[in-house]
Amino acid sequence: MKKKMRIMFAVLFLAVSVAACMTAEVKADMGPKPSTVIDFENMDGEKYYVTLLSEQRASGPHIAYEGDGDIPDGTYGKEIWRAFNDYEDSDGFYFLQYYGEIAGDGRFTWGYYPPDRFKILLYFPESCRYAVSDEIYKRYAFDSYYTVDGSRIDFGSGTVKLTEVGGMGQKSYDYRSELFSLAARIVITVALELGIAMLFGFRKKYWLKAILFTNLVTQIALNCGLNAAAYFGGPGEAMLAYIVLEIGVIIAEYEVYLNVGKRAFAKNAKEGEKAAAVRGNGLISAYAVAANLASFFAGLGLAKIMPGIF
């Protein structure tokens with residue numbers, strides 16, 4: 001590999017590494033975002049509110065109320081916010097002021113910086129009752145899914161303790177949603193990189209076909225590798241894997257595009273063939289780096305807009 005290419009890949013590695021270090025300071029805000037999803041089944045139709053109590057006082061932008069200043073209005077009004085904030089957990093877990101409203105069966109998703117260790121807390125405003133898990137749960141995958149079976153909830157007096165099996169905390173990984181998210185990430189990434197290819201002048205049919213099929217292969221490998229690292233190792237391992245895999249993708253794509261471009265650039269050079277080929281190689285390397293950096297940083301922005309997908 002030419003010295004120029006080594007420099008470009010070093011710049012790419014540095015850029016991705018710096019982004020990783022910066023985002024690690026705020027709980028690894030890069031790439032696809034971890035989430036915790038709670039599905040509720042067999043609920044009786046009463047409106048209720050859901051939150052996750054955190055072992056830590058903060059998780060990303062979500063923090064426990066310090067008791068200073070005016071009481072926040074809350075997403076669903078001061079009454080609901082106060083009910084969660086006034087709840088005293090037996091294990092000392094914190095309410096981080098993030099919660100959702102559900103009527104009957106439904107889903108609660110904490111898709112941006114969910115707490116790593118948590119308890120599930122429900123509040124029923126009509127009866128002023130709480131239901132809280134008596135187990136402490138830890139996110140078991142990059143996207144962790146749980147199911148609450150309402151038919152197993154025993155509404156006695158006071159705070160209801162919920163059992164793990166069939167009550168709170170039954171793991172229920174949503175492979176269908178994960179496959180949909182994977183497909184969506186691949187489609188968006190490929191569309192972006194094809195658009196950048198057009199800007200670089202790669203408009204011929206053979207170029208677009210090569211970029212399309214190469215990206216399909218590399219993006220499937222990247223996302224599957226990232227999800228596997230996150231599922232088995234957690235966000236920290238996923239971050240490291242993301243950097244390593246992204247560099248591998250750049251190298252693989254460069255090699256493929258280089259082989260495709262050798263004939264094209266040489267064919268257009270009647271004189272000074274070597275000089276034309278050098279210019280072509282530089283353009284290919286610039287595209288490979290620019291396209292993947294663009295998709296990387298676009299993923300960071302889209303993760304905040306569509307946390308369930310990115």
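Reader: Which residues does Thr214 touch, not counting those up to four places away in sequence?
Author: This is a predicted model, and in it Thr214 sits in helix α4, which spans residues 205-233. Once residues up to four places away in sequence are set aside, the partners of Thr214 are Glu253, Val256 and Tyr257.

Reader: Is Thr214 buried or exposed?
Author: The cut-off for buried is under 20% relative accessible area. Thr214 has a relative accessible area of 11%, so Thr214 is buried.

Reader: What about Trp207: where does it lie, and how far is its C-alpha atom from that of Gly261?
Author: Trp207 lies in helix α4. With a relative accessible area of 4%, Trp207 is buried. Trp207 and Gly261 are 54 residues apart along the chain, yet the separation of their C-alpha atoms is 8.3 Å.

Reader: Okay, zooming out, what share of the chain's residues is buried?
Author: The chain has six helices and twelve strands. Of its 310 residues, the buried share is 47%.

Reader: And how much of the exposed area do carbon and sulfur atoms supply?
Author: Start with the total: the chain exposes about 15,600 Å². The part of that supplied by carbon and sulfur atoms is 58%.

Reader: Which strand gives the largest share of the largest nonpolar core?
Author: That core has 24 residues, and Ile38, Phe40, Tyr48, Val50, Phe108 and Leu122 touch the most other members. At least two residues each come from β1, β2, β5, β6, β7 and β10. The largest share is four residues, and the strand behind it is β7.

Reader: Which residues does Phe108 touch, leaving out those up to four places away in sequence?
Author: Phe108 is one of the core residues that touch the most other members. Beyond four places in sequence, its contacts include Thr36, Val37, Ile38, Phe40, Val50, Thr51 and Leu52. The rest of the list is Tyr98, Tyr99, Gly100 and Ile102.

Reader: Now the loops. Is Asn42 buried, partly exposed or exposed?
Author: Asn42 is in the loop between β1 and β2, and its phi is near 60 degrees, a positive value in a residue other than glycine. Partly exposed covers the range between 20% and 50%. The relative accessible area of Asn42 is 46%, so Asn42 is partly exposed.

Reader: And Tyr113, is that one buried or exposed?
Author: Tyr113 lies in the loop between β6 and β7. Its phi is near 55 degrees, a positive value in a residue other than glycine. Because its relative accessibility is 9%, Tyr113 counts as buried.

How values were computed
Residues numbered from 1 in each chain as written. Predicted model: local features only at pLDDT ≥ 70, side-chain atom pairs only at ≥ 80, totals over all residues. Heavy atoms only, no water. Buried < 20%, exposed > 50% of the residue type's maximum accessible area, 1.4 Å probe, protein only. Contact = heavy atoms within 4.5 Å. Areas by Shrake-Rupley, 256 points an atom, 1.4 Å probe, with all protein chains shown as cover. Core = buried A, V, L, I, M, F, W, Y, C linked by side-chain atoms within 4.5 Å.
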